[in-house]
Each structure stands twice: as C-alpha cells, then as structure tokens.
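This report is written for a reader who wants to go through the ligand site, the salt bridges and a few helices and loops in turn. The sequence and the structure are shown first.

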Amino acid sequence: MNRQVLLESRPEGAVSEANFRVVDAPLPRPGPGEVLVRNRWLSIDPYMRGRMSDARSYVPPAKLGEVMVGQTVGEVIESNDARIAPGATVLTSLGWQLYGTARASDVEPVDASLAPASWYLGVLGMPGMTAWFGLFEIARARPGETVVVSAASGAVGSVVGQLGKLKGMRVVGIAGGREKCDYVVRELGFDACVDYRGGKLSEDLKAACPKGIDVDFENVGGEILDTILRQMNLFGRVIVCGLISEYNATQPYAYKSMRAILVNRLRMQGMIVFDWKDRYEEALSDLGSRVAAGKLRYKESIVEGLENAPRGLIDLLAGKNFGKQLVKV
Ligand SMILES: NC(=O)c1ccc[n+]([C@@H]2O[C@H](COP(=O)([O-])OP(=O)(O)OC[C@H]3O[C@@H](n4cnc5c(N)ncnc54)[C@H](OP(=O)(O)O)[C@@H]3O)[C@@H](O)[C@H]2O)c1
C-alpha cells in the first residue's frame, strides 16, 4: 500500500495539522517510460506555505484533495526506461507520499557516493543553489565586503555565509537564539551572528558591521529587513530571497525604511532559483567540489515518519528547525 498526505484545506494565517489529511492508497504501477520510486527523504521548505494558499504567485497553488507538493529523494523500485536501473537513487517531485510514479525524464539520478542522499535536498540541491546564484550572480559579492544573511543557521543561510567566507567577505548572520548563533559562528565560521530575539537588533547589527552592510541576503523580511535597510552602504545590494516572517501573517508588514533605498542608491532584487535552471549544473559542480573538499558544513533537522510531515512544516515556519528540515519517510 501507498501512504499519502493530501492538502485538505487552505490555511488562514498559521498552518495547522487540520489543513492536511493522511490516506492509504493502492501502490501505483509505472507505465511505459516511467519509474516507480520509494521515497526515502521528503524536503520541507518554506515555499510550501505559499503553495497552500491560492494567492497569485510565481507558480500555481497546490490543489485541494491532491498529494501535497514537494521534492523527495528516493530509490527506484521498478523501471520501464533503460536509462534508469532499479536501485538508483533519484531526486523527484513526487511530493508527500511513500511511493510514486514519474516519467524517467522527470527524475534526476544523484550520486549517493559523493554525499548522503538527503543532501541533494539541501546543500547540493535547491537551497544550496539558491545561495550560490543569489550571492555570486545577483549580489555579485566581492572580497572585503560585508554581507548580512538572515535565517543564518538554515538551509539557505548556512550556505550563503560559508560561501561568503570562502569569497573573502565579512559575514554576519542573524538567527533566533543563542544556540543557533553559537553554531553559526563556531561551526560555520561566520564572523559574527546577531540574535534578533535579544531585543536590540539595530545596536547589535551595528556593532557586528562596523563598516556598514554592502549585501543583504534577505531570508526573513519584516522588522529584520527594515532594520538592515537603514544600515546599508552606498550602492548596496539587497537580495530578496525570502520573507518567511510574513508567510503565516494575515497582514503584510508595513516597511518604514524605503528612504534608505533612495538615499543610498540601493539595488533590491527578488530572486526565484528556478530562473537559473539552465545553469544548475554549474552551481552544483562548484557546491559538490566544496562539499567533497570538506569546505561546506551542513546540518539537518529530521522528523521521522510521513504522517509527521505537517508538523515538520508547522515547526519550520515557527523557526523550530535547526538546519535543513527533512522528513525521513
Ligand atoms: N527565492 C528562492 O528561490 C528561495 C529558495 C529557497 C528558499 N528561499 C527562502 O529562503 C528562506 C530560508 O529558507 P530555508 O529553506 O533555508 O529555511 P531555513 O532557514 O532552514 O528555516 C527557516 C528559518 O527561518 C527562520 N524564521 C522562521 N520564522 C521566522 C520569523 N518569524 N522571524 C525570523 N526568522 C524566522 C527560522 O530561523 P531562526 O530561528 O534563526 O529565526 C527558521 O529556522 C525562506 O524565506 C525561503 O522562502 C527562497
């Protein structure tokens, strides 16, 4: 039997377990040119909150009553395509379920000898590439500059900061709580990390960035972005990668620092990693060689069991994850 988590209803405000329904279903059979995959790891990502809503976005919403969308890494159990053998480890978009079928051309074999298979959902997957393209291509990061990254201990932020250090930048993280901040500095090698829950974000950020901020890699938005904008240097770049503090909100945050964009001639650019899909190979090969050389550290936050995937998403959106959020299915 298969087991699936369906999107049952669209949340108003915070996501709840009632927005999902767990069902058992017959095992799917692969058709001609298809593979049957047993998912092993399900990625839980902040964008999923957006897919649960029917507000206009960069892709259509997840459909009610259907399997919740998401990337997985799994094992090919049966193959009707000569290019993929049973036993292969593949990256898929099969979503929140134990088994699924896909056209062989829609799954991506991954090299599980280079790194653990789950890493292809994180540092060697979509979050890692988001960090790579955002920092190198959009921000055009330069040695000696100061970059600030929010959600610094997370899947994207941890890679941004480490790549920034390898590039010769001053790297300052922003994270929630002492434990995450200590990890970011001691384990990931950031120059400093500000605990935004400490109650004096602006002063702490100023102390951590004595020469001001040249690049803001923005993952959180709201008050954090508003505070950073006021400390940006002339011709600074703000990469709007994510606004997680607003995803569960019913009202958008009212930004107050627009004047800083004008007077400091800032460039503020949104990014969606899919825009770079023609160049994924380039980023993955660079990230892969840095991982192989032991230059990128990486942490995972693992929930056990497919039926606990809703809890994984709820916790991620509340900042309870520590590292890339995954479900072991
Ligand atoms: N544009 C793209 O193509 C793209 C691709 C991937 C990800 N993203 C974005 O990148 C950001 C990070 O994603 P990720 O996958 O790496 O997740 P993550 O950082 O591993 O996990 C999310 C983190 O966000 C922080 N957070 C949650 N609610 C917050 C709040 N109200 N205020 C401040 N911080 C909050 C928490 O860290 P703290 O405890 O430190 O606050 C939490 O651990 C998200 O905004 C996501 O949407 C964008």
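What follows is a description of a predicted model, beginning with the ligand and its surroundings.

## The ligand and its shell

The shell around the ligand has 28 residues, and those that come nearest are Lys180, Tyr196, Asn219, Met271 and Asn321. By residue class, the shell divides into 17 nonpolar, nine polar and two charged residues. Among the contacts between polar atoms, a side-chain atom of Asn321 lies 2.6 Å from an oxygen atom of the ligand, while the backbone also takes part: a backbone N or O atom of Ala155 lies 2.9 Å from a ligand oxygen, and a backbone N or O atom of Cys241 lies 2.9 Å from a ligand nitrogen. Taken alone, the ligand exposes 900 Å², of which the protein buries 91%. Two or more residues of the shell are given by each of the elements α2 (126-138), α3 (155-166) and α9 (309-317).

## Salt bridges

A search of the whole structure finds 21 salt bridges, and the table gives some of them, with the distance between the closest N and O atoms.

| Basic residue | Acidic residue | N to O distance |
|---|---|---|
| Arg3 | Glu307 | 3.5 Å |
| Arg40 | Glu75 | 3.1 Å |
| Lys200 | Asp204 | 2.9 Å |

Glu307 forms its salt bridge with Arg3, and this pair links distant parts of the chain, since Glu307 is in the loop between β14 (300-304) and α9 whereas Arg3 is in strand β1 (residues 2-7), 304 residues apart. With a relative accessible area of 36%, Glu307 is partly exposed, and Arg3 likewise counts as partly exposed, at 29% relative accessibility.

Arg40 and Glu75 form a salt bridge that also links distant parts of the chain, with Arg40 in strand β3 (residues 34-43) and Glu75 in strand β4 (residues 72-79), 35 residues apart. Arg40 has a relative accessible area of 34% and is partly exposed; Glu75 is partly exposed as well, with a relative accessible area of 28%.

The side chains of Lys200 and Asp204 meet in a salt bridge. Lys200 counts as partly exposed at 39% relative accessibility, and Asp204 is partly exposed with a relative accessible area of 22%. Elsewhere, Arg3, Asp24 and Glu307 are joined into one network by salt bridges that share partners.

## Two helices with a buried side

In helix α4 (residues 178-187), the residues Lys180, Cys181, Tyr183 and Val184 are buried. Because these residues cover an arc of only 160 degrees around the axis, they are on the same side of α4. The face of α4 turned away from this buried side carries the exposed residues Glu179 and Arg186. Lys180, buried in α4, is also one of the residues that come nearest to the ligand.

Helix α5 (residues 201-208) can be described in a similar way, with Leu201, Leu205 and Ala208 buried. Seen down the axis of α5, its buried residues fall within an arc of 65 degrees, and therefore they line one face of the helix. On the other side of α5, Lys206 and Ala207 are exposed.

## Two loop positions

Is Gln231 buried or exposed? Gln231 has a relative accessible area of 10%, and because the cut-off for buried is under 20%, this residue is buried. Its place is in the loop between α6 (223-229) and β12 (232-240). A polar atom of the side chain of Gln231 lies 3.1 Å from the backbone oxygen of Ser202.

Gly319 lies in another loop, the one between α9 and β15 (324-328). At 25% relative accessibility, Gly319 counts as partly exposed. Gly319 and Arg21 are 298 residues apart in sequence, and their C-alpha atoms are 23 Å apart in space.

Conventions. Residues numbered from 1 in each chain as written. Predicted model: local features only at pLDDT ≥ 70, side-chain atom pairs only at ≥ 80, totals over all residues. Heavy atoms only, no water. Near = heavy atom within 4 Å. Polar contact = N/O pair within 3.5 Å; in protein donor to acceptor, adjacent residues only side chain to side chain. Areas by Shrake-Rupley, 256 points an atom, 1.4 Å probe, with all protein chains shown as cover. Helix = DSSP H or I, 4+ residues; strand = E, 2+ residues; numbered from the N terminus. Nonpolar A, V, L, I, M, F, W, Y, C, P; charged D, E, K, R; others polar. Salt bridge = Lys/Arg side-chain N within 4 Å of Asp/Glu carboxyl O. Buried < 20%, exposed > 50% of the residue type's maximum accessible area, 1.4 Å probe, protein only. Arc of directions from axis to C-beta.
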